[in-house]
Amino acid sequence: MSNIPILKPQEVVLILESLGFVEVRQKGSKVNASVNMFLALVNNWKQSERYLMSLYTHWTCFNCRKSFRGLSTSKSKAEGLITKRKCPECREELYNFGIYFQPPRRQAKKAWTIIELLAKNGYRFQTEGSTVYINTFILAGNKSRYEDVRQRIEFEKQSQIDNQIKAKIDFYKQEKRHRY
């Protein structure tokens, strides 16, 4: 015999509700086919590498200059959802840098100062697109200097502010045209 667990109907309902389903119907109803198809899609997605990879992120300690792989969030009965972690060595707070972060060597102090600058300005390596953007436009290569990276970040912040101001001005101009 195989070791396939047999679930009671109440257990199935609890599992479906934890996945976000609002309504659970009996077998044979019209909604059941779409629910079964959705469950098959969820199971296929959960087994994919991307899902498994997205569970674990790089938690970085700037004091120790180390990076740890761990779950992006974890649950505790007392506190609920935990999104902050502490370094196991120095007990300082760890920074979640994302799944695509590639930490520099521990001895590379200049690289770690640049990584800390990125962290202070809110850059994270959560998606492939953000990783490419940071590597191409912010770091602009492997051997980036701290001052160059700081200037690029300041330029990007200023250009974002300028773009927001231009968008507001354009909006007001269009609104003025529609009024008259």
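A residue counts as buried when its relative accessible area is under 20%, as exposed when over 50%, and as partly exposed in between. The exercises below concern a predicted model.

**Exercise 1. Place Cys 87 in the chain and decide whether Cys 87 is buried or exposed.**

Solution.
1. Cys 87 belongs to the loop that links strand 4 (80–82) and strand 5 (95–98).
2. The relative accessible area of Cys 87 is 0%, so Cys 87 is buried.
3. For the whole chain of 180 residues, 21% count as buried.
4. Cys 87 and Cys 64 are 23 residues apart along the chain, and their C-alpha atoms are separated by 8.4 Å.

**Exercise 2. Determine how many disulfides the structure holds, and examine Cys 64 and Cys 90.**

Solution.
1. The count of disulfides is 0.
2. For Cys 64, the nearest cysteine sulfur belongs to Cys 90 and is 3.5 Å away.
3. A disulfide needs two cysteine sulfur atoms within 2.5 Å, so a separation of 3.5 Å does not qualify.
4. Seen from Cys 90, the nearest cysteine sulfur is that of Cys 64, and Cys 90 is in no disulfide.
5. Cys 64 has a relative accessible area of 9% and is therefore buried.
6. Cys 90, at 25% relative accessibility, is partly exposed.

**Exercise 3. List the salt bridges and state which parts of the chain the pair Lys 66 and Glu 89 ties together.**

Solution.
1. There are 3 salt bridges in the structure.
2. One of them joins the side chains of Lys 66 and Glu 89, at 2.4 Å from N to O.
3. Lys 66 is in strand 2 (residues 66–71) while Glu 89 is in the loop between strand 4 and strand 5, so this pair ties together parts 23 residues apart in sequence.
4. Both partners are partly exposed: Lys 66 has a relative accessible area of 23%, and Glu 89 is at 46%.
5. The side chains of Glu 147 and Arg 150 also meet in a salt bridge, at 2.2 Å from N to O.
6. Glu 147 and Arg 150 both sit in helix 6 (residues 146–179), 3 residues apart, which is about one turn of the helix.
7. Glu 147 is partly exposed at 32%, and Arg 150 is partly exposed at 31%.
8. Arg 145 and Asp 148 form a salt bridge at 3.7 Å, N to O.
9. Arg 145 is exposed, with a relative accessible area of 52%, whereas Asp 148 is partly exposed at 24%.

**Exercise 4. Describe the largest pocket and identify the element that gives the most to its lining.**

Solution.
1. The largest pocket holds about 510 Å³ of space.
2. Its lining has 19 residues, and those closest to the centre are Ala 111, Ile 115, Leu 139, Gly 141 and Asn 142.
3. Helix 4 and helix 5 (128–138) are the elements that give two or more residues to the lining.
4. Helix 4 gives the most, with 5 residues.
5. Helix 4 spans residues 109–120 and includes Lys 109.
6. Lys 109 is exposed, at a relative accessible area of 54%.
7. The C-alpha atom of Lys 109 is 8.3 Å from that of Arg 65, although the two residues are 44 residues apart along the chain.

**Exercise 5. Summarise the secondary structure and locate the nonpolar surface patch that contains Ile 15.**

Solution.
1. The chain has 6 helices and 5 strands.
2. Along the sequence they follow the pattern α-α-α-β-β-β-β-β-α-α-α.
3. Ile 15 is in helix 1 (residues 9–18), and at 41% relative accessibility Ile 15 counts as partly exposed.
4. Together with Leu 7, Val 12 and Leu 19, Ile 15 makes a nonpolar surface patch of about 300 Å².

Key: Residues numbered from 1 in each chain as written. Predicted model: local features only at pLDDT ≥ 70, side-chain atom pairs only at ≥ 80, totals over all residues. Heavy atoms only, no water. Patch = residues over 30% accessible without salt bridge, like charges linked within 9 Å, V, L, I, M, F, W, Y side chains within 5 Å. Areas by Shrake-Rupley, 256 points an atom, 1.4 Å probe, with all protein chains shown as cover. Salt bridge = Lys/Arg side-chain N within 4 Å of Asp/Glu carboxyl O. Helix = DSSP H or I, 4+ residues; strand = E, 2+ residues; numbered from the N terminus. Buried < 20%, exposed > 50% of the residue type's maximum accessible area, 1.4 Å probe, protein only. 1 Å grid on protein atoms, 1.4 Å probe; cavity = no way out; pocket = protein on both sides within 12 Å on 5 of 7 lines; lining within 4 Å. Points joined across faces, edges and corners; volume = space filled by probe spheres on them.
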